[in-house]
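Me: I'd like to go through the ligand site and the empty spaces of this model with you. Could you set each value against the definition behind it?

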Amino acid sequence: MITFEKKTRLFHLRGKNYSYLMYVNQAGFLQTLHYGGIAESDGEFFAAQGAPFAPDASNWNFDMSFSEMPSEYAFFAHGDFREPTAIVSREDGGVASRFRYVSHKIYRGVPEVSGMPHARSGGETLEITLKDDFSPAEIKLNYTAFEDSDVLVRNAEILNTGDRPFMLKRAFSFCTELPDGKFSLMRLHGTWGAERSPDVKPLGYGTVRLQSMRGTSSHQMNPFMGLLRANCTEDEGECYGFQLVYSGSFALTAEVSPIGRLRLQGGVNDMNFGWKLEAGERFVSPQTVLCYSADGLGNLSREYADFLRNYVIHPDYAFRRRPVVVNHWEATEFNYDNEKLFEIIDAAKGLGIDTFVMDDGWFGARDTDFAGLGDWYVNEKKLKGGLKAVIDRCKKNGLKFGLWFEPEMVNEDSDLYRAHPDWAIHQDGVALCRARNQLVLDFTRKEVVDHIYEMMSKVLKENDIGYVKWDMNRHITENFSAALPPDRQGELMHRFTLGVYDLADRLTRAFPEILFEGCASGGGRFDSGMLYYFPQIWTSDDTDAYERAKIQWGTSICYPLSSMSCHVSVCPNLQTHRTIPFATRGAVASLGAFGYELNLAEMSAEERELTKKQTADYLKTDELILKGDLYRICSPFTDDWFCEMVVSKDKKNAYLVCERLRGVPLYLPQTVRLKGLDPEKKYFIEETKLTASGRTLMNHGIAIPYLTEYESMILHLREIK
Ligand code: GLA
């Protein structure tokens, strides 16, 4: 619900459990008043509270007031010495700005954001127009609140209303302020094979900046920032989340001012950014999903999961059963031919697997990672009879077929590069920087995106394909486009991301029946921007069930379980050399979009039996994974256990997974208290055949039998009358 109180010019946005209040102060600035638990529209009270921060418009003294004014879109070089939200640089080089309120409107639904991922529907939107006193920049701030959610979606648009161009040196999506900075800041940092590890440190004075400068949201820092009060736990206490719906270079900042106030901002990374706006042009910034929870981090995660499933992930897929896949990458890498693949495909029969995914190596001269990227046509020397032969073999075994692409990349040893060397991002006179022996295609150029679209859509049209894995295995260097003029080079990173979105949009629209899975050297582009196009993402190349417990835990902080693609792989694990029981690998992978990443033909009879059980069990729980609520119980970062449970919305069914992470000399059962159940309901536990009330299970708990290191336990609970 969004209201406006005319007398005090107070805006009140209400979600399920939060209030967001701001007003137009006496000098015409849009000033933040409150973001947190529900408050009332006490206009006069809030105006009085906010007044000391507003400048006296008759002489613009900034000292003591103005410089600390809580701003909804902060300006530069005019008395606010904290980080600005936008920098408008005019033709004469002048950068001072002062954004003031002009008008607003309130309407049902979401704002239109073309060419970028966004909340698809629902909600109510407040659109506020600000104007720069010193330049022709007009700023539109969009706020969308949802009655059934604790998120608030924000972005900003900047329009050049003048007749001369100006340059945006920063154009963040949002700014908001909290009255104090007494929080710990949570970031999800990582590296290849160890993505989204939560790190929580108290904020101090000054600015903390979370960012990626890699052209992709990155393994290293997820585009999410959490703020936790000192008493915030999984189940209690206040916290906030700021999540960018964006997949490119981003920045999120938290700045504690000299008097202890906290300013939060973020959007497209402004490092070497420069966006030229010609007269009449508009820059639209990516959306940010703010979330407030008064009931701990677990609730914040459930709010994000619900929001992404209900409003961002494509409705055709958000709650649709995901196929159980088998992918041969870890089994063969590049080293395969028809026979090797047929072995795996034949071995899938009767195991409850739905789709066989052919990974890297099927196209061009791709026998190693030195060649072939960009040549999206089948290598018939390697695969006799082409894709059709493999697809026919899949069909014979009752399997659908999936295919791997890496659309944004090119090898120098490829037909594409030989024909169009200028299509790779490079700058004459600057040495090429390679990663995995490959270069990045210049997706700022429409002809490049069109060409890749044509090649990919030909393969997808001519073959019976049910699934695509879209990979991206290196970051951008050289930061230069041969197609952009010098004064637009600062647009490269964002334009590249827009090119990726364009291709993803066209392909997913043209092939709505194909399930697209995102991937970037594992989970290097795991963000809600990609989830708009691809309902699931390969979580990490690290498939070790000990490491995966940590990665999946961290990912679940702000993404739904169903978005995480999780596979059972071979042991000793290829990445960590650790050996973990097959059943445990299955248990951990079952907390996501489930599958296998190994040579099915080499499995023992016992493993085959376990696989049948795992896929059958998965059919019982995938509804919960798709639609249920996640409760994190024991953290793999701090406990000897990893333990999570998922509960259906009606609280009639629940699924619990526990993995012993560190062996300890304790031979007696340990008790774990369950969460999220209905205290009034009685539950039957399928595996132990015991019955207890939700109240007992949550207040007392269940005994977990003695398990040795890496052993696991799964429990299915259902309501009985
Ligand atoms: C990346 C992906 C892997 C696999 C390889 C293929 O590393 O994360 O799953 O597809 O590329 O080259």
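Reply: Gladly! Let's start with a term: a polar contact is a pair of N or O atoms within 3.5 Å; within protein, one must be able to donate a hydrogen and the other to accept it, and residues adjacent in sequence count only if both atoms are side-chain atoms. This is a predicted model, where local features need pLDDT of at least 70 and side-chain atom pairs count only at pLDDT 80 or more, while totals for chains, interfaces and linings use all residues. Residues are numbered from 1 along each chain as its sequence is written, and side-chain values use heavy atoms, without hydrogens and water.

Me: What makes the pair of Gly522 and the ligand a polar contact?

Reply: A polar backbone atom of Gly522 is 2.8 Å from an oxygen atom of the ligand, so the pair falls within 3.5 Å and counts. Arg436 uses a polar side-chain atom, also at 2.8 Å from a ligand oxygen. For Trp538, a polar side-chain atom lies 3.5 Å from an oxygen atom of the ligand. As for cover, the ligand taken alone exposes 300 Å², and the protein buries 95% of that (accessible areas come from the Shrake-Rupley method with a 1.4 Å probe; for residues, only the protein chains shown count as cover).

Me: Which residues come nearest to the ligand?

Reply: Asp359, Asp360, Lys469, Gly522 and Asp541 do, out of 13 residues around the ligand; to be near, a residue needs a heavy atom within 4 Å. This shell divides into four nonpolar, three polar and six charged residues. Here Ala, Val, Leu, Ile, Met, Phe, Trp, Tyr, Cys and Pro count as nonpolar, Asp, Glu, Lys and Arg as charged, and the others, Gly among them, as polar.

Me: How do you know which space the ligand takes?

Reply: A molecule sits in a pocket or cavity if more than half of its atoms lie within 2 Å of its grid points, and the space taken by the ligand is the largest pocket. That pocket holds about 420 Å³, a volume being the space filled by probe spheres set on grid points joined across faces, edges and corners. Of its 27 lining residues, Trp192, Trp329, Arg436, Ser521 and Asp541 are the closest to the centre.

Me: Why is one space called a pocket and another a cavity?

Reply: On a 1 Å grid over the protein atoms alone, a cavity is a set of points where a 1.4 Å probe fits but cannot get out, whereas a pocket is an open set with protein on both sides within 12 Å along at least five of seven lines; lining residues have an atom within 4 Å of a point. The structure holds four cavities of 30 Å³ or more, and the largest has a volume of about 90 Å³. Helix 2 gives the most to its lining, with four residues (helices are DSSP runs of H or I, at least four residues, and strands runs of E, at least two, numbered from the N terminus). The second largest cavity has about 60 Å³, and strand 30 gives the most to that lining, with four residues.

Me: What makes Arg9 and the bond before Pro572 worth a look?

Reply: Most residues other than glycine have a negative phi, and most peptide bonds are trans. Arg9, not a glycine, has a positive phi of about 55°, and a cis peptide bond joins Cys571 and Pro572, with omega about -5°. Arg9 is in the loop between strand 1 (2–5) and strand 2 (10–14); Pro572 is in the loop between strand 30 (564–569) and helix 11 (582–589).
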